[in-house]
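Here are my notes on the model you asked me to look over. Keep the viewer open while you read, and click on the residues as they come up.

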Amino acid sequence: MPQAQGKLSRSLPGRMLIRLDWLIGWIENIVLSGAILLMAALNIANVLGDNLLKQGLPFAGEINQALLVMITFVGVAKAARHGRNIRMSAIYDQLKGRWRKGLNILITTGSAVVMFYLAYYAVLYEVQVRSIGQATPSLGIPLWTLYVLVPVGLFMAGLQYTLATLRNLVSPELYRSFLEKESYEDADLYAEEEGKLLEDDDTGSAGQSDKEAR
């Protein structure tokens, strides 16, 4: 068990949060891996049918569209779970200590609110599409069933941001997600800059020595 998870599992609320994070991650893995495998199998079958039998799968485009939507929105939750979401960190990177942690909490809280807000309107959109009764032209599948994971993915992303906020509130360390610490390798950056400076000095010294030798 990771050290961060081991500390959190000492209390009942901590164990509940760990199980919730595990459940969300398990759902994400099942949905994403299943969608990617199904898309690959569908595309291979479509290509083979088109080249060998001169007849592709007429419903391949419809299913691929639904799978792409599924992968996109469930992938949002997956990225949030591992702290791999895109961040505008120009100001964030300049802060240290409690100021950086405070901004982190503000960002994750705001992101959670936005995700829950979008999930709410995605549910309203699903209800509207279902009331209209639209269906796919080839298979006749109700259109709302193909996009049902859109609000689910947004809701899970909101949960991940909420878990990150809670973790930063109860832990002295800085976490970019529920179980992953913030890791900015400042020492490596400084070492790299010093190495470049030394390299420049060596290059300048070598050039000066060549001139003196001439």
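The points below go from the whole chain to a few helices, the cores and some ring contacts.

1. Start with the big picture. Bear in mind that this is a predicted model. The protein chain has 7 helices and 0 strands, so if you read the elements from the N terminus on, you get α-α-α-α-α-α-α. Of its 214 residues, 30% count as buried. The chain exposes about 14,000 Å², with carbon and sulfur atoms supplying 65% of that area.

2. How do the contacts spread along the sequence? Take the contacts between residues at least 6 apart in sequence: 71% of them join residues at least 24 apart. You'll meet examples of such pairs below.

3. Now look at helix H4, residues 97-132. Does its length make sense? What span should its 36 residues give at 1.5 Å a residue? The expected value is 52 Å, and the end C-alpha atoms sit 53 Å apart, which agrees. Right after H4 comes Gly133, which has a positive phi, near 85°.

4. Which residues of H4 are buried? Among them are Arg100, Lys101, Asn104, Ile105, Thr108 and Ala112. Further along, Met115, Ala119, Ala122, Glu126 and Val129 are buried too. Notice that this list includes Arg100, Lys101 and Glu126 as well as Ile105 and Val129. What do the buried residues of H4 pack against? Their partners are helix H3 (60-81), helix H5 (143-146) and helix H6 (149-170).

5. Met115 is a good residue to zoom in on. It lies in H4, and its relative accessible area is 13%; buried means under 20%, so Met115 is buried. Leaving out neighbours within four places in sequence, Met115 is in contact with Val76, Leu154, Ala157, Gly158 and Tyr161. For a feel of the fold, try Met115 and Gln160: they are 45 residues apart in sequence, and their C-alpha atoms are 9.9 Å apart in space.

6. Next, the cores. In soluble globular proteins, nonpolar side chains tend to be buried together. Here the largest nonpolar core has 23 residues, and the ones touching the most other members are Val74, Met115, Leu143, Val150, Leu154, Met156 and Tyr161. H2, H3, H4, H5 and H6 each give at least two residues to this core. Which helix has the largest share? That is H6, with 6 residues. Another core, of 6 residues, lies apart from this one, and its members include Ala35, Met39, Leu42 and Ala60.

7. Phe73 and Val150 make a nice pair to follow. Phe73 sits in helix H3. Is Phe73 buried or partly exposed? With a relative accessible area of 28%, it is partly exposed. Not counting residues up to four places away in sequence, Phe73 touches Leu149, Val150, Gly153 and Leu154. Phe73 and Leu149 are 76 residues apart in sequence, yet 7.4 Å apart in space, C-alpha to C-alpha. From the other side, Val150 is in contact with Val69, Phe73 and Ala122, again leaving aside neighbours within four places in sequence.

8. Then there are the aromatic rings. A pair of aromatic rings is described by the distance of the centres and the angle of the planes. The count here is 4 aromatic pairs. For Trp22 and Trp26, the ring centres are 6.5 Å apart and the planes are at 20°, so this pair is stacked. Both belong to helix H2 (residues 12-52), and because they are 4 residues apart there, about one helical turn separates them. Trp22 has 55% relative accessibility, so it counts as exposed, while Trp26, at 46%, counts as partly exposed. Elsewhere, ring pairs link Tyr117, Tyr120 and Tyr121 into a cluster.

9. Last stop: arginines over rings. Arg130 lies over the face of Trp144, 4.6 Å from the ring centre. Arg167 does likewise with Tyr175, at 4.2 Å from the ring centre. Try turning the model until you look straight down on each ring.

Methods:
Residues are numbered from 1 along each chain as its sequence is written. This is a predicted model: local features need pLDDT of at least 70, side-chain atom pairs count only at pLDDT 80 or more; totals for chains, interfaces and linings use all residues. Side-chain values use heavy atoms; hydrogens and water are left out. The expected span of a helix is 1.5 Å times one less than its number of residues. Buried means under 20% relative accessible area, exposed over 50%, partly exposed in between (1.4 Å probe, protein chains only). Contact means heavy atoms within 4.5 Å. Rings of Phe, Tyr and Trp (its six-membered ring) pair if their centres lie within 6.5 Å; planes under 30 degrees apart count as stacked, over 60 as edge-to-face and the rest as tilted. A charge sits over a ring if NZ of Lys or CZ of Arg is within 6 Å of the ring centre and within 35 degrees of the ring normal. A nonpolar core is a set of buried Ala, Val, Leu, Ile, Met, Phe, Trp, Tyr and Cys residues joined through side-chain atoms within 4.5 Å. Accessible areas come from the Shrake-Rupley method with a 1.4 Å probe; for residues, only the protein chains shown count as cover.
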